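Thanks for making the time this morning. I would like to walk through one structure with you, element by element, and I will pause on a few questions as we go.

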Amino acid sequence: MATGVQIQERVPENLKKQLALTVQDIQWSYAIFWTISARQPGVLQWGDGYYNGDIKTRKTVQTVELNADQLGLQRSEQLRELYESLSAGDSSPQARRPSVSLSPEDLTDTEWYYLVCMSFVFNIGQGLPGRTLSSGQPIWLCNAHYAESKVFSRSLLAKSASIQTVVGFPFSRGVIELGVTDLVLEDLSLIQRVKTSFLDTPQPFASNKSIPVDGITENDKDLTGPAFDPQILDTKVSPLLGCEQIEMASPNDSSDGFEPNQPAEGSFMVEGINGGASQIQSWQLMDEEFSNCVHHSLNSSDCISQTFVDHANVVPLCQGEKDNDNGLEDVQECHQTKLTSLDFQSDDLHYQMVLSALLKSSHQLILGLHFQNSNHESSFVSWKKNGFLKSQKARGKTPQKLLKKILFEVPLMHDKGLLESPEDNGVRDAAWRPEADEICRSHVLSERRRREKLNERFIILKALLPSNSKADKVSILDDTIEYLQDLAKRVEELESSRELTELEERMKRKPQDHVERTSDNYGNNKITNGKKSSINKRKACDIDEAELEIDYVASKDGLTDNLTVSMNKKDFLIEFRCPWREGILLEIMDALSTLNLDCHSVQSSTTEGILSLTIKSKYKGSTVASAGTIKQALQRVARKC
Amino acid sequence: MENSTQESHLRSDNSITYESPYPIYAMAFSSTPSVANLNHQRIALGSFIEDYGNRVDVISFDPETLSIKTHPTLSFDHPYPPTKLMFQPNRKSPSSSFSDLLASSGDYLRLWEVRESSIEPLSVLNNSKTSEFCSPLTSFDWNDVEPNRIGTSSIDTTCTIWDIEKGVVETQLIAHDKEVYDIAWGEARVFASVSADGSVRIFDLRDKEHSTIIYESPQPDTPLLRLAWNKQDLRYMATILMDSNKVVILDIRSPSIPVAELERHRASVNAIAWAPQSCRHICSVGDDTQALIWELPTVAGPNGIDPLSMYSAGSEINQLQWSAAQPDWISIAFSSKMQLLKV
């Protein structure tokens with residue numbers, strides 16, 4: 001079996017042209033030459049490449065007419081340029097990206113795949129190029145987009161780019177990789193063709209040295225014979241644990257398990273494993289339009305996966321036989337239904353944009369700094385499975401007690417004074433549940449605000465009513481209607497009776513506009529009660545009005561207690577009227593002192609069972625309580641009876 | 001100045017305990033050192049008293065001498081327990097006056113200026129129209145790319161984004177169907193939130209109409225209580241569920257499928273924090289009194305991921321902070337003690 005042909009050490013100048021010709025000849029999508037890194041021996045990195053796949057947009061600014069070949073070459077150049085600028089941008093995020101002819105939005109998925117490949121490096125023996133080089137054998141990977149990450153680390157990228165077949169063969173101290181978006185069954189003659197085309201074309205190679213490509217070129221492993229692989233695969237089918245598969249795929253074993261080596265051909269194909277194995281790579285079967293804007297981030301060294309024993313799924317591996325197709329389809333369906341049930345696909349495009357913004361601006365992977373646990377100074381000790389001998393069962397307490405309190409109870413503490421009954425809470429919660437329609441979020445927001453306003457008004461209205469039995473909106477409205485009619489009747493009575501007394505009292509006092517004053521009472525009795533000081537000056541002889549006031553005041557709800565709180569920096573002026581009862585003054589003082597208010601002036605008087613207070617106080621803490629909190633506290637006191 | 005006592009059955013050389021007069025919940029590390037001694041690290045501690053009068057104290061910690069200093073003047077009142085405290089990340093304070101900016105959430109988002117010997121209230125950020133009706137906040141996060149941007153999460157299912165310099169709301173989104181319990185910034189304009197409806201959603205301020213659910217709790221409507229976004233590697237997030245001993249690690253590139261479930265706590269998990277200096281390490285604390293540090297491997301074994309190291313405290317650990325300013329120290333809070341552990 002021909003191992004790599006050693007032509008020269010460095011990437012030849014016209015390798016790109018060669019790659020171009022080759023890939024155009026076989027009509028595949030791309031060709032990449034992986035070369036041994038000069039800086040890091042033992043590592044394969046991007047040498048050169050040619051992109052021959054789909055292009056999304058043609059940059060219309062073309063001063064020079066180019067033919068197809070040159071266009072292709074130019075495209076590959078531009079892709080490389082873009083890659084360099086992006087990687088430069090990453091290392092110094094503040095630096096503006098140098099303007100390139102292409103921008104990420106112009107690329108197709110396949111172009112992205114090609115571009116991202118530029119960032120990959122492989123150790124010898126790892127990944128498709130690495131294994132190609134180490135084994136010295138071509139590798140033909142079908143269904144690359146379904147391949148396991150271990151086998152083909154760029155499988156997820158391939159999936160987004162619809163690259164179905166990837167072939168690698170050693171060449172000139174490196175590896176040539178070809179890929180195509182169609183499924184092409186293994187055809188060694190194609191590889192031969194490619195190789196010969198490289199050799200035939202006259203190239204000014206400087207054949208300085210004739211160093212063999214690699215030491216590991218012998219077909220030692222191949223000699224295990226065809227019987228080898230079925231055995232391996234059979235024994236691997238039964239255990240359901242994924243770890244054994246990982247061992248199988250470990251590059252150290254040079255992927256023996258995955259190579260059903262047929263000595264005659266020297267390439268490998270992998271048979272899918274039916275049924276049993278239930279390993280799921282965490283992002284194996286994602287949605288088709290996986291974010292193609294992820295770049296840099298899928299290095300082979302940083303996949304995290306965990307075996308999940310989930311619904312029995314087929315491990316998607318490269319396969320060439322038909323009988324495994326069904327298995328793969330099942331798995332795909334399985335996951336598709338799961339994904340569609342999450343209604344994910346509709347938002348996909350938006351999410352891709354989010355991801356691209358996030359991951360572009362993120363820094364290069366910083367592999368963990370030395371995390372020494374053997375550090376003697378550490379408070380932590382190595383974890384042992386049964387290291388904790390004492391059984392630390394929850395002792396019957398609620399789990400996450402404090403966390404739950406912080407999240408569930410503490411927020412409600414702030415609203416304690418306002419909502420008196422659970423029914424109110426019901427009203428509020430119901431109002432806050434937004435509509436299920438996710439598309440019109442802005443409508444939902446304004447609708448929600450409207451509902452919130454309405455509920456607020458209902459609560460205020462309920463508070464204004466003297467007798468409230470139920471908190472539902474209908475009852476509130478009913479009671480309001482009743483009350484209004486009642487009051488209207490009373491007003492009529494009062495007006496008529498006042499006309500009589502006015503004649504008498506005209507001499508004694510200034511004619512005051514009672515009617516208006518009464519309606520003022522109506523008008524001003526809102527939550528934002530700020531102008532009630534006129535009430536304090538009422539004369540005691542207006543018995544009827546006092547009655548009216550008492551009706552208000554005697555209501556269960558504290559909002560009509562004629563309470564004003566005005567604030568000036570740390571000084572508070574509180575004017576308060578409430579029904580008098582024994583000990584209420586003391587309770588009010590107590591309430592104020594718990595709020596850190598230091599009362600330095602109190603004026604109080606009791607008239608007709610109504611206590612009116614004027615308190616001036618200073619705030620003695622560093623935080624100032626809001627007027628709302630003070631009002632709540634005082635209303636709470638007033639309500640107790 | 002106290003050194004740790006016999007809380008840990010295991011090593012106790014390099015941990016410092018601070019005994020607070022009241023139970024603690026909220027905790028925050030400052031990102032700037034104190035001007036007096038550049039090594040002093042400020043820590044804010046919020047009390048958890050189930051009453052109106054709560055306090056927030058700021059203490060300082062010297063990692064060289066392993067000592068803690070209390071400052072009686074650096075303290076203020078807070079109505080009801082603060083649900084979260086946070087110092088401004090990457091703060092560049094004016095060179096003349098060395099001050100720190102502390103934010104607290106409770107009924108409203110409040111900002112405080114922590115100076116050398118006093119704390120001054122700066123502003124109360126209140127979005128509600130009337131003074132009586134407020135939507136209390138469960139949590140908030142300070143954007144470290146955009147230092148004037150804070151996102152808050154509330155029980156009224158919304159998340160509010162504030163411009164704290166101008167003191168106005170940038171935007172308010174209905175984030176979930178139920179109460180939102182935590183919020184975390186990924187980038188200047190992208191944040192994620194978790195809620196009682198059991199979902200983790202990512203929002204982009206450039207595209208407010210759409211959000212993406214990247215995970216939903218397997219039992220429907222199991223609330224997700226906390227969220228942590230790995231600032232070193234934005235692909236990964238961690239979240240914890242109610243009454244669960246699992247830490248769920250998510251990869252934002254593959255929604256709905258968790259990348260890993262860390263299941264080694266013997267009781268439910270209370271808090272999580274990613275390592276500030278490494279992209280692979282995460283710490284979690286729980287009711288089993290343990291603090292575990294995990295290292296996320298490239299490929300997990302079949303039996304799940306085991307933690308790297310552990311620490312046992314005296315009682316259920318409620319809070320955890322791993323500060324970028326002090327990546328060698330992890331602070332935990334249990335009952336009324338705050339402990340600093342060397343990593």
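How many of the residues of helix 4 of chain A, residues 127-135, are buried? Before I answer, please keep in mind that what you see is a predicted model, so everything I say is computed from that model. The answer is that 9 of the 9 residues of this helix are buried, so that helix 4 of chain A is mostly covered. Reading along the helix, those residues are A:Gly127, A:Leu128, A:Pro129, A:Gly130, A:Arg131, A:Thr132, A:Leu133, A:Ser134 and A:Ser135. As for what lies over them, the cover includes strand 1 (30-36), strand 2, strand 3 (121-123), strand 4 (139-142), strand 5 (165-171) and strand 6 (174-180), which belong to chain A as well. Just after the helix comes A:Gly136, and its phi is positive, near 75°.

Let me step back to the chain as a whole. Chain A has 641 residues, of which 48% count as buried, and its secondary structure comprises 19 helices and 11 strands. If we take the contacts in chain A between residues at least 6 apart in sequence, 66% of them join residues that are at least 24 apart.

Now to the charged side chains. A search over all chains of the structure finds 34 salt bridges, and I have picked three of them, in chain A, to discuss. In one of these, A:Asp48 pairs with A:Lys16, with 2.9 Å between the closest N and O atoms. Which parts of chain A does this pair tie together? A:Lys16 sits in helix 1 (residues 15-26) and A:Asp48 in strand 2 (residues 43-51), so the salt bridge ties together parts that are 32 residues apart in sequence. Both partners count as buried, A:Asp48 at 15% relative accessibility and A:Lys16 at 12%. Strand 2, where A:Asp48 lies, was also named among the elements covering helix 4 of chain A. The pair does not stand by itself, since A:Lys16 and A:Asp48 are linked with A:Glu77 in a network of salt bridges.

The other two examples are each placed inside a single helix. A:Arg80 and A:Glu84 form a salt bridge with their closest N and O atoms 3.5 Å apart, and both belong to helix 2 (residues 68-91) of chain A, where a separation of 4 residues amounts to about one turn. Both are partly exposed, A:Arg80 with a relative accessible area of 25% and A:Glu84 with 40%. In helix 13 (residues 441-464) of chain A, A:Arg451 and A:Glu447 are likewise 4 residues apart, about one helical turn, and their side chains meet in a salt bridge at 3.7 Å, N to O. Here A:Arg451 is buried, at 18%, whereas A:Glu447 is partly exposed, at 25%. The general background is that an α-helix has 3.6 residues a turn, so residues three or four places apart point the same way.

I would also like to show you one helix pair. The axes of helix 18 (residues 584-594) and helix 19 (residues 627-639) of chain A come within 10 Å and cross at roughly 155°, and these two helices are therefore roughly antiparallel to each other. The crossing of helix 18 and helix 19 of chain A is right-handed. On the side of helix 18 the contact is made by A:Ile584, A:Glu587, A:Ile588, A:Ala591 and A:Leu592, and on the side of helix 19 by A:Ile630, A:Leu634, A:Val637 and A:Ala638.

That leaves chain B, which has 0 helices and 28 strands. Of its 343 residues, 69% count as buried, and among its contacts with a separation of 6 or more, residues 24 or more positions apart account for 47%. An unreviewed UniProt entry places the feature "repeat: WD" at residues 173-213 and 262-296 of chain B. Over the stretch 262-296, the chain is 54% strand and 0% helix, with the end C-alpha atoms 9 Å apart.

Finally, where in chain B does B:Ser128 lie? It is found in the loop between strand 9 (119-125) and strand 10 (137-142), and B:Ser128 is partly exposed, with a relative accessible area of 22%. Its C-alpha atom is separated by 9.5 Å from that of B:Tyr108, which is 20 residues away along the chain.

Notes
Residues are numbered from 1 along each chain as its sequence is written. Chains are lettered from A and ligands numbered from 1 in the order in which they are written. This is a predicted model: local features need pLDDT of at least 70, side-chain atom pairs count only at pLDDT 80 or more; totals for chains, interfaces and linings use all residues. Side-chain values use heavy atoms; hydrogens and water are left out. UniProt positions are given in the numbering used here, feature names are shortened, and annotations may be inferred rather than shown by experiment. A salt bridge is a side-chain nitrogen of Lys or Arg within 4 Å of a carboxyl oxygen of Asp or Glu. Buried means under 20% relative accessible area, exposed over 50%, partly exposed in between (1.4 Å probe, protein chains only). Axes are lines fitted to C-alpha atoms, for helices over the stretch in contact, and angles run from 0 to 180 degrees between N-to-C directions. Angles under 35 degrees count as roughly parallel, over 145 as roughly antiparallel, 65 to 115 as roughly perpendicular and the rest as oblique. A crossing is left-handed if the near helix is turned anticlockwise from the far one by less than a right angle, and right-handed if clockwise. Contact means heavy atoms within 4.5 Å.
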